[in-house]
Amino acid sequence: MASSPIDEYNGVFRWVLDVQSEWPCSDSIKSGREAATFWAQENDNQRALNFLTAEEREKVLRFYHIRDVKLSLGSQLLKRCAVVQSCRVPWSESHISKHENHKPCYVPKNGSGKHLEFNVSHHGSLVALAGCTDRDIQIGVDVVQVDTVKDLPRVRQEGWSSWVRTYEAVFSDREVQDIVTWEPSQFLDGDDLLRAKLRHFYAHWCLKEAYVKMTGEALMAPWLQDMEFRNVQTPRAASDLSAMDSTEAWGEAIADVEVWRDGKQVTGVKLELQAFRDDYMVGIASSRLDVPFSPYKLLDLQQDVYSAAEAS
């Protein structure tokens, strides 16, 4: 079997895949089912799709926008690769199961061998996956792109406070107040200030999404506003760090966030939020404090995924 991007790591391994870099195409390409079918016929894209089952291919190609086709394809490939590399099973046996709460997992059909708990997220052009072969763990991961081009016009039109309160169903009153009143440590004004505030908003969003996904519930969970994050800091983007501190364009990681629910601090949950490049953040939540997180690895389709599929 090909060398593994997990490298025999015993904790929670963490991967990201940039689908735009792997399957570049013009933003002007037409959308629709016919466009997806045409895109799938290109050699490199067809090769990737051939690693999936017919049912998986159909699921991938039903998306209207090509960017969503690529994200879905990347997600399917990462899930299968994670099973193959961590559980040491052939690609043909890397089927994905689901828990009762519909969270994806891998459980060997014969009942023997390694299990895999994992979670996947995608946004912009990134797919993120976190996984662990320890059965007694829950994991949630979320990736967000701070799309100021999309958000700034609405923020300018509505005002910062009004724009934030559009999402108040997701946050506690204290979180809304923190997001609305937060100011960066350095003086900024105009759009630079709004960009910084948007990064702080998305830091809150990413952490909450990761936590909720860890529990197996959605952002409509009835207890959502009863749970809040305190001491949320915005991780510095990769360009804000020196080259010596930056690996594969990774920025700062923060891990001293507090989780509170119904006025009591929640213990036994491990959280981390890390910046990637200048406009992404990846959040992770784990139910085990004693299980370490691996550094994130930016995967290469040819070296890490295709090689695993073809060698198994």
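**Close-up views of a predicted model**

**View 1. The largest pocket has a volume of about 800 Å³.** Its lining counts 29 residues. Closest to the pocket centre are Lys59, Gln76, Lys79, Lys98 and Pro104. Four elements each give two or more residues to this lining: helix 4 (54-61), helix 5 (66-87), strand 4 (116-123) and helix 9. Helix 5 gives the most, with six residues. By residue class, the lining of the largest pocket divides into six nonpolar, 12 polar and 11 charged. As throughout these views, the pocket belongs to a predicted model.

**View 2. The second largest pocket has a volume of about 530 Å³.** Lining this pocket are 21 residues. Nearest its centre lie Gln186, Ala196, Arg199, Thr234 and Asp240. Helix 9 supplies the largest share of the lining, four residues. Seven residues of this lining are nonpolar, six are polar and eight are charged. Helix 9 is also among the elements that give two or more residues to the lining of the largest pocket.

**View 3. Three strands form an open sheet in the order 7-9-10.** The pairing is antiparallel. Strand 7 (227-230) and strand 10 (264-265) are the edge strands, and each pairs on one side only. In general, strands of a sheet pair through backbone hydrogen bonds, either parallel or antiparallel. Between strand 9 (residues 258-261) and strand 10 there are two bridges. One residue pair to pick out is tryptophan 260 with glutamine 265, its bridge partner in strand 10.

**View 4. Helix 9 lies across strand 7 and strand 9.** The helix spans residues 190-215. Its direction is at about 135 degrees to strand 7. Strand 7 is an edge strand of the sheet. Helix 9 thus appears again here, having given four residues to the lining of the second largest pocket.

**View 5. Valine 144 sits in strand 6 (residues 139-145).** Is this residue buried or exposed? Its relative accessible area is 3%, so valine 144 is buried, the cut-off being under 20%. Leaving aside residues up to four places away in sequence, valine 144 touches His123, Tyr202, Trp205, Cys206, Asp279, Tyr280 and Met281.

**View 6. Valine 144 and alanine 308 are 164 residues apart along the chain.** How far apart are their C-alpha atoms? The separation between the C-alpha atoms of valine 144 and alanine 308 is 28 Å. Alanine 308 is not in the list of residues that valine 144 touches.

Definitions and conventions: Residues numbered from 1 in each chain as written. Predicted model: local features only at pLDDT ≥ 70, side-chain atom pairs only at ≥ 80, totals over all residues. Heavy atoms only, no water. Pairing = 2+ DSSP bridges. Contact = heavy atoms within 4.5 Å. Axes fitted to C-alpha atoms, helices over the stretch in contact; angles between N-to-C directions. Buried < 20%, exposed > 50% of the residue type's maximum accessible area, 1.4 Å probe, protein only. 1 Å grid on protein atoms, 1.4 Å probe; cavity = no way out; pocket = protein on both sides within 12 Å on 5 of 7 lines; lining within 4 Å. Points joined across faces, edges and corners; volume = space filled by probe spheres on them. Nonpolar A, V, L, I, M, F, W, Y, C, P; charged D, E, K, R; others polar.
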